[in-house]
Amino acid sequence: NALYLLIFSLCFCNSISEKPFATGSFILLILKNIFLPSAMKTLWLIRHAKSSWQLNALTDFERPLNERGYRDAYEMPPRVLTGIAKLTHILVSPAVRTYTTAVIVARHLRISSAMFTLCPQLYESGVSEYMNALREVENVHNDVMLFGHNPVITELSNQLSGGTIENIPTCGIVRLEFDSADWAQLDDNKC
């Protein structure tokens with residue numbers, strides 16, 4: 001429906017414009033940017049910041065960040081995540097420590113949590129569940145962040161890149177580029 005609405009706007013604007021195609025060209029540029037996916041995808045894998053083990057009454061899912069975790073979550077984005085202007089989608093494990101890390105990073109990037117997709121399959125799961133979540137991302141999203149847990153973040157990074165990272169630390173960030181217009185084509189050793 002959005003495509004037809006923009007095409008209708010193109011025709012209507014050209015019929016009343018004093019300069020034919022001036023407005024229509026602008027709308028075509030918008031159409032190209034919205035409906036033609038880029039041939040390059042960028043994936044940011046972020047492990048949640050350090051969590052607290054001091055509150056015994058809480059489940060693993062409910063564990064909050066500890067003091068160091070908050071500090072790292074606020075300090076890492078300015079150091080590593082500069083110049084990210086095109087990020088449009090964020091996949092987040094719903095665990096408290098992961099969601100909190102994502103919110104802090106999103107604030108730094110001036111991104112609304114409305115871009116978050118909470119993915120229960122990213123909690124207490126494996127690489128295949130992470131890959132499935134990524135393969136389901138719509139192709140209009142060229143730059144995606146995924147906030148998750150170890151050991152899966154490290155395993156996923158190594159599987160996609162063919163790398164041999166031993167351990168991505170808490171609040172660790174990995175950037176991978178994928179030469180395809182289709183997230184469904186994400187596969188081992190392709191980044």
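Let's start with a small detail in this predicted model: the side chain of Thr170 makes a polar contact with the side chain of Arg68, at 3.4 Å. Where is Thr170? You'll find Thr170 in the loop between helix 6 and strand 5. Being in a loop doesn't leave Thr170 out in the open, though: with 13% relative accessibility, Thr170 counts as buried, the cut-off being under 20%. If you set aside its neighbours within four places in sequence, Thr170 is in contact with Arg47, His48, Ala49, Lys50 and Arg68.

One place along, look at Cys171, which is found in that loop between helix 6 and strand 5 too. Cys171 has a phi near 65°, a positive value in a residue other than glycine. Why point that out? Most residues other than glycine have a negative phi. Is Cys171 buried or exposed? Its relative accessibility is 2%, so Cys171 counts as buried.

Now compare that with Arg110. Arg110 isn't a glycine either, and has a positive phi of about 60°. Look for Arg110 in the loop between helix 4 (96–109) and strand 3 (116–118). Arg110 is exposed, with a relative accessible area of 79%, while Cys171 is buried at 2%.

Time to step back and take in the sheet. It's an open sheet of 5 strands with mixed pairing, and the order is 3-2-4-1-5. Strand 3 and strand 5 stand at the edges with a single partner strand each, so one side of each has no neighbour in the sheet. On average, neighbouring strands are turned by 20° against each other, direction ignored. What holds strands side by side? In general, strands of a sheet pair through backbone hydrogen bonds, either parallel or antiparallel.

You can see both kinds of pairing at strand 1 (41–47). With strand 5, strand 1 pairs in the antiparallel sense over 6 bridges; here Leu45 has Val174 as its bridge partner. With strand 4, strand 1 pairs in the parallel sense, again over 6 bridges. On that side, Thr42 is partnered by Asp143, and Arg47 by Gly148. You met Arg47 earlier, as one of the residues in contact with Thr170.

How many residues of strand 1 are buried? The count is 7 of its 7 residues, so the strand is mostly covered. Both faces are involved: one side has Lys41, Leu43, Leu45 and Arg47, the other has Thr42, Trp44 and Ile46, and all of these are buried.

Move across to strand 2 (89–92). Both of its faces are covered as well, with His89 and Leu91 buried on one side and Ile90 and Val92 buried on the other. Strand 2 runs parallel to strand 4, joined by 4 bridges, and His89 stands opposite Val144 there. Strand 2 also runs parallel to strand 3, joined by 3 bridges, with Val92 opposite Leu118. To trace the path between those two strands, follow the chain over helix 4: strand 2, helix 4 and strand 3 make a right-handed β-α-β unit.

Next, the helices that lie against the sheet. Helix 5 lies across strand 1, strand 2 and strand 4, running at about 150° to strand 4. Helix 6 packs on the sheet too, touching strand 1, strand 4 and strand 5, and its direction makes about 155° with that of strand 1.

Helix 6 deserves a longer look. Why is it described as largely enclosed by the rest of the structure? Because 7 of its 10 residues (152–161) are buried. Those buried residues are Val152, Ile153, Thr154, Leu156, Ser157, Asn158 and Leu160. They pack against strand 1, helix 5 (127–135), strand 4 (143–148) and strand 5 (173–178).

Finally, check what comes just before and after this helix. In the loop between strand 4 and helix 6 sits Pro151, and a cis peptide bond joins Asn150 and Pro151, with omega about 10°. That one is worth noticing, since most peptide bonds are trans. After the helix comes Gly162, whose phi is positive, near 75°. From there, the loop between helix 6 and strand 5 takes you back to Thr170, where we began.

Key
Residues numbered from 1 in each chain as written. Predicted model: local features only at pLDDT ≥ 70, side-chain atom pairs only at ≥ 80, totals over all residues. Heavy atoms only, no water. Buried < 20%, exposed > 50% of the residue type's maximum accessible area, 1.4 Å probe, protein only. Contact = heavy atoms within 4.5 Å. Pairing = 2+ DSSP bridges. Axes fitted to C-alpha atoms, helices over the stretch in contact; angles between N-to-C directions. Polar contact = N/O pair within 3.5 Å; in protein donor to acceptor, adjacent residues only side chain to side chain. Right-handed = clockwise from strand over helix to strand, strands pointing away.
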